[in-house]
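Hi,

Here is the structure I promised to pass on to you. Please have a look at it first, and my notes follow underneath.

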Amino acid sequence: MKALVTGALGLVGSEAVRYYLNNACEVIGVDNDMRKHFFGEDASVAKNKIDHGNYRHFGVDISKIEGLFENEKPDVIIHAAAQPSHDYSAQNPLLDFGINAYSTLMLLEMARKHTPAAVFIYLSTNKVYGDRPNEFDFQEFDTRYSIPRQSKAVTASTLGFNESLSIDFTTHSPFGVSKLAGDLYAQEYARYFGLKTGIFRCGCITGARHAGAELHGFLSYMVKCKKENKLYTVYGYKGKQVRDQLHASDLVRAIDCFVRNPKPGEVYNMGGGRQCNVSILEAFDMLKMKKWEYVGTPRKGDHKWYISDTKKFENDFPEWKRRYTLYSIFGDLMG
Ligand SMILES: NC(=O)c1ccc[n+]([C@@H]2O[C@H](COP(=O)([O-])OP(=O)(O)OC[C@H]3O[C@@H](n4cnc5c(N)ncnc54)[C@H](O)[C@@H]3O)[C@@H](O)[C@H]2O)c1
């Protein structure tokens, strides 16, 4: 099998590269270290490049790879390259659109033209739901917000948010909109053109290879601040905002379940779920973090509480189980 991974040096892409190499596949990676361009030298992903007999790397922009599709005709495309930050997208909406929306459409079109039987995975985000999750009633506890177990909220099951959450009439940020465009195009290329696309709407994904930056990758960045004794800034919600956490290797194993048994055009919420989530205050406690400051205003559109309901995926792929717990994720990040 031949896999093409975009964003091959990033958190998810680098995990996918290693996973498919370990499974005796030929892997082609594309990544031009745009993450350094977005977030600075500290966020460079160059260190994640791997030397392996079955791996070829192309340090080019994802909009310039038609030749790869034409010559290589990959069986699997894992599209993990993206501009990943809300705040960056607000400053650079055109660049954000070009990468997340336009280039995704180009890649789908390249797949349709040159390798239409391939499985195409699109890494989407829970930000496609905008700030809709903030409309629910949350209970406030000492260290976190929580959604009542008996919540009458029709789209929030007791497990978290499922795929029926509306995407309309909410604040997404330009990033949320450009990712949603890619998400809808990936769905449409299955429905309209018959491509085997799979869409994973992720909560927080993390792991040791995440090049955490203040604008993206909160847990990885917090651990970096702890290790380097740098000040960490909390924006709003008293630090009680909750996120589920999924290790990138668990995500890639989920992706591979889909690759082996594709359900074209399906959309799955994907994350750590009820068993693996943490608030900022709780993460501080686990890390014994002393050096932090609080800014009262939350980031625009930031979720107060988000836990993914992954039941739909687990029903379709019962063989998938998370291997990482919150504690082993912290262990991996601390190194
Ligand atoms: N990490 C998370 O918490 C999270 C959550 C939800 C969704 N996602 C999605 O998962 C995917 C992977 O995220 P990640 O955490 O691995 O991000 P990442 O920033 O670690 O990796 C993305 C990679 O894409 C590369 N890239 C960006 N633009 C490029 C371009 N034009 N040409 C070539 N390479 C380019 C970057 O250099 C980077 O290495 C993204 O689509 C992201 O939106 C991630």
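In this predicted model, helix α7 (residues 218-228) packs with helix α9 (residues 280-287) at an angle of about 35°. Their axes are 11 Å apart, and α7 passes α9 in a right-handed crossing. On the α7 side, the residues that meet α9 are Phe218, Leu219, Met222, Val223 and Lys226; their partners in α9 are Ile280, Ala283, Phe284 and Leu287. By class, this contact has eight nonpolar residues, one charged and no polar.

Two of those residues turn up again around Val278, which lies in strand β15 (residues 277-279). Phe218 and Ala283 are both in contact with Val278, as are Arg144, Gln241, Val242, Arg243, Gln245, Met286 and Leu326, leaving aside neighbours within four places in sequence. Is Val278 buried or exposed? Its relative accessible area is 1%, under the 20% cut-off, so Val278 counts as buried. Arg243 is 35 residues away from Val278 in sequence, yet their C-alpha atoms are 5.7 Å apart.

You may also like the largest pocket, with a volume of about 240 Å³. It is lined by 17 residues, and the closest to its centre are Ala208, His210, Ser220, Lys224 and Lys227. Helices α7 and α11 (326-334) are the elements that give two or more residues to this lining, and α7 gives the most, with five. The lining divides into seven charged, six polar and four nonpolar residues.

Happy to talk it through whenever suits you.

Best wishes

Methods. Residues numbered from 1 in each chain as written. Predicted model: local features only at pLDDT ≥ 70, side-chain atom pairs only at ≥ 80, totals over all residues. Heavy atoms only, no water. Axes fitted to C-alpha atoms, helices over the stretch in contact; angles between N-to-C directions. Helix = DSSP H or I, 4+ residues; strand = E, 2+ residues; numbered from the N terminus. Left-handed = near helix turned anticlockwise from the far one by under 90°. Contact = heavy atoms within 4.5 Å. Nonpolar A, V, L, I, M, F, W, Y, C, P; charged D, E, K, R; others polar. Buried < 20%, exposed > 50% of the residue type's maximum accessible area, 1.4 Å probe, protein only. 1 Å grid on protein atoms, 1.4 Å probe; cavity = no way out; pocket = protein on both sides within 12 Å on 5 of 7 lines; lining within 4 Å. Points joined across faces, edges and corners; volume = space filled by probe spheres on them.
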